[in-house]
Amino acid sequence: FEDQRLFDDIDLALQGGVKILQYRDKSVNRQKRLLQCRQLRKKTADCGCLLIVNDDIDLAHQVDADGVHLGQEDGSIPQARQLLGDDKIIGVSCYNSLRRALRAAEQGADYVAFGRFFTSRTKPAAVQADVALIQAARQRLGLPIAAIGGITRYNAAPLISAGVSMLAVVQGVFAAPDIRRAAAAYAALFQPSTGEHVQRAR
């Protein structure tokens, strides 16, 4: 029942226009994670959505995900590149550190993520980032930038104006009364521009 609700909710989010889905599960039940991720791989492939696995290079490889997102203690970019190959996406959490983002770019990351920007129920203890960091990163980096942490459709505009090309959202979509409509509202924030999709940077 729990898995079916998860998949039903994700179906609604995909219908609403989600372009990148990140699978994030910190549980120790590896078999459950593998089965869920395989199912999500099929769903995302069927609708042209990218699947990024959080924190687990091996799992991303096992399900042939589009890429992996690495935190500070989740393995290195060279390690991920060696296992996943040159055509996969590698994103890196840079918290509130431009230096970490510059280092990630040098090592071959495909996008960087900063945050949290606002109070977050998902990551309440995360370090604080600000719009000035996005602006500085935009000037120094040739990579797409993701923003994380407490982002709603009402507070996202300054982040997008500063140069963010992706919004990482959990509660704003999956805790909404109408998941499909909530996802569509976030997608609309990037209209009518064509948006900036994660690509290999070299």
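These are my notes on strand β5 and its partners, and on the packing of helices α1 and α2, in a model that is predicted.

**Entry 1, burial of β5.** I looked up strand β5, residues 111-115, and found it mostly covered, with 5 of its 5 residues buried. I then took the two faces in turn: Tyr 111, Ala 113 and Gly 115 lie on one side, Val 112 and Phe 114 lie on the other, and both faces are covered.

**Entry 2, the β4 side.** I noted that strand β4, residues 89-95, pairs with β5 in the parallel sense over 4 bridges, and that Gly 91 has Tyr 111 of β5 as its bridge partner. Following the chain from β4 to β5, I passed through helix α5, residues 98-106, in a β-α-β crossover that is right-handed.

**Entry 3, the β6 side.** I recorded that β5 also pairs with strand β6, residues 145-148, in the parallel sense and over 4 bridges, with Ile 145 of β6 as the bridge partner of Val 112. Here the β-α-β unit is made by β5, helix α6 (residues 131-140) and β6, and I noted its hand as right-handed.

**Entry 4, α1 against α2.** I turned to helix α1, residues 2-15, and helix α2, residues 30-47, whose axes come within 11 Å and cross at roughly 25 degrees. Angles under 35 degrees count as roughly parallel, and I therefore entered α1 and α2 as roughly parallel to each other. The crossing of α1 past α2 is right-handed. For the contact I listed residues of α1 including Leu 6, Phe 7, Ile 10 and Leu 14, and residues of α2 including Gln 36, Leu 40, Lys 43 and Cys 47.

Methods: Residues are numbered from 1 along each chain as its sequence is written. This is a predicted model: local features need pLDDT of at least 70, side-chain atom pairs count only at pLDDT 80 or more; totals for chains, interfaces and linings use all residues. Side-chain values use heavy atoms; hydrogens and water are left out. Buried means under 20% relative accessible area, exposed over 50%, partly exposed in between (1.4 Å probe, protein chains only). Two strands pair if DSSP finds at least two bridges between them. A crossover is right-handed if, with the strands pointing away from the viewer, the path from the first strand over the helix to the second runs clockwise. Axes are lines fitted to C-alpha atoms, for helices over the stretch in contact, and angles run from 0 to 180 degrees between N-to-C directions. Angles under 35 degrees count as roughly parallel, over 145 as roughly antiparallel, 65 to 115 as roughly perpendicular and the rest as oblique. A crossing is left-handed if the near helix is turned anticlockwise from the far one by less than a right angle, and right-handed if clockwise. Contact means heavy atoms within 4.5 Å.
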